[in-house]
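User: I'm new to this structure and would like a walk through it. Could we go question by question?

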Amino acid sequence: MKHTILIADDSGSMRRSLQDMMNFLGHDTITAYDGKSGLMAFIEGRKSIDRVLTDCDMPAGDGIELIRQIRMLGSEVRICLMSGRLNEALQDLALKAGATSTFYKSDPNLVLLEALDIGKATDPI
């Protein structure tokens, strides 16, 4: 199944890497460089976006705030928070804000696909 994924990350190289991987797998992507632009992109593409992948630490609105704002819009889209400093407290905060999953940035990409519910960790890329 093809998905449209909003990728919000302030790291240009991470954004491009995730976008390249998702496009290679046949998914459409929309990118944003911080929480504010992520919310604007979500509002503009709300009808087509069915997955959101957001970094935690970004300027102009972090990932937790982006999750809260998307949920305040009434959206039930699948949201994955990713972070290089993911711990149990941050995971709990993300889930309470409305994230459906979390991803530690150093985990293999296959774990990310499972977190976004677009593949299984055993699937070949």
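**Salt bridges, cores and a buried acid**

User: Let's begin with Arg-68: buried, exposed or partly exposed?

Analyst: Keep in mind that this is a predicted model. The relative accessible area of Arg-68 comes to 35%. Buried would need a value under 20% and exposed one over 50%, so Arg-68 counts as partly exposed.

User: Which residue does Arg-68 form a salt bridge with?

Analyst: The partner lies in helix H3 as well, three residues from Arg-68, or about one turn of the helix. That partner is partly exposed, with a relative accessible area of 31%. The closest N and O atoms of the pair are 3.9 Å apart, and a salt bridge has to be within 4 Å. The residue is Glu-65.

User: How many salt bridges does a search of the whole structure find?

Analyst: In general, side chains of opposite charge can pair when their charged atoms come close. The pair of Arg-68 and Glu-65 is a salt bridge, and Asp-57 and Arg-85 meet in a salt bridge too. The search of the whole structure finds five.

User: How far apart along the chain are Asp-57 and Arg-85?

Analyst: Their side chains meet at 2.8 Å, N to O. Asp-57 is in the loop between E3 and H3, while Arg-85 is in the loop between E4 and H4. Asp-57 is partly exposed at 40%, and Arg-85 is partly exposed at 43%. Along the chain, this pair is 28 residues apart.

User: Which residue is linked with Asp-9 and Lys-105 in a network of salt bridges?

Analyst: Asp-9 and Lys-105 form a salt bridge, with the closest N and O atoms 3.1 Å apart. The pair links distant parts of the chain, 96 residues apart: Asp-9 sits in the loop between E1 and H1, and Lys-105 in the loop between E5 and helix H5. Asp-9 is buried at 0% relative accessible area, whereas Lys-105 is partly exposed at 24%. The residue linked with them in the network is Asp-55.

User: What is the nearest side chain of opposite charge to Asp-34?

Analyst: Asp-34 sits in the loop between strand E2 and helix H2. Asp-34 is buried yet has no salt bridge. A salt bridge needs the charged atoms within 4 Å, and here the nearest side chain of opposite charge is 7.5 Å away. That side chain belongs to Lys-36.

User: Which backbone nitrogen lies 2.7 Å from a polar atom of the Asp-34 side chain?

Analyst: The Asp-34 side chain also reaches the backbone nitrogen of Lys-36, at 3.2 Å. Beyond its neighbours within four places in sequence, Asp-34 is in contact with Ala-8, Met-58, Pro-59, Ala-60 and Gly-61. The backbone nitrogen at 2.7 Å is that of Ser-37.

User: What is the phi of Ala-60?

Analyst: Ala-60 lies in the loop between strand E3 and helix H3, and is partly exposed at 46%. Ala-60 is not a glycine, yet its phi is positive. The value is about 50°.

User: Which element gives the largest share of the largest nonpolar core?

Analyst: That core has 22 residues, and those touching the most other members include Leu-6, Phe-42, Ile-64 and Leu-81. The elements giving two or more residues to this core are strand E1, H2, H3, strand E4 and helix H4. The largest share is four residues, and it comes from H3.

User: How many residues are in the other core, the one with Leu-18 and Leu-112?

Analyst: This core lies apart from the largest one, and Leu-116 and Ile-118 are also among its residues. Leu-18 is one of the buried residues of H1, along with Gly-12, Arg-15, Met-21 and Met-22. The core has 14 residues.

User: How far apart are the end C-alpha atoms of helix H1?

Analyst: H1 has 13 residues, and the expected span uses one less than that number, at 1.5 Å each. That gives an expected span of 18 Å. The model agrees, because the end C-alpha atoms are separated by 18 Å.

Technical notes:
Residues are numbered from 1 along each chain as its sequence is written. This is a predicted model: local features need pLDDT of at least 70, side-chain atom pairs count only at pLDDT 80 or more; totals for chains, interfaces and linings use all residues. Side-chain values use heavy atoms; hydrogens and water are left out. Buried means under 20% relative accessible area, exposed over 50%, partly exposed in between (1.4 Å probe, protein chains only). Lys and Arg count as positive and Asp and Glu as negative; His and the chain ends are not counted. A polar contact is a pair of N or O atoms within 3.5 Å; within protein, one must be able to donate a hydrogen and the other to accept it, and residues adjacent in sequence count only if both atoms are side-chain atoms. Contact means heavy atoms within 4.5 Å. A nonpolar core is a set of buried Ala, Val, Leu, Ile, Met, Phe, Trp, Tyr and Cys residues joined through side-chain atoms within 4.5 Å.
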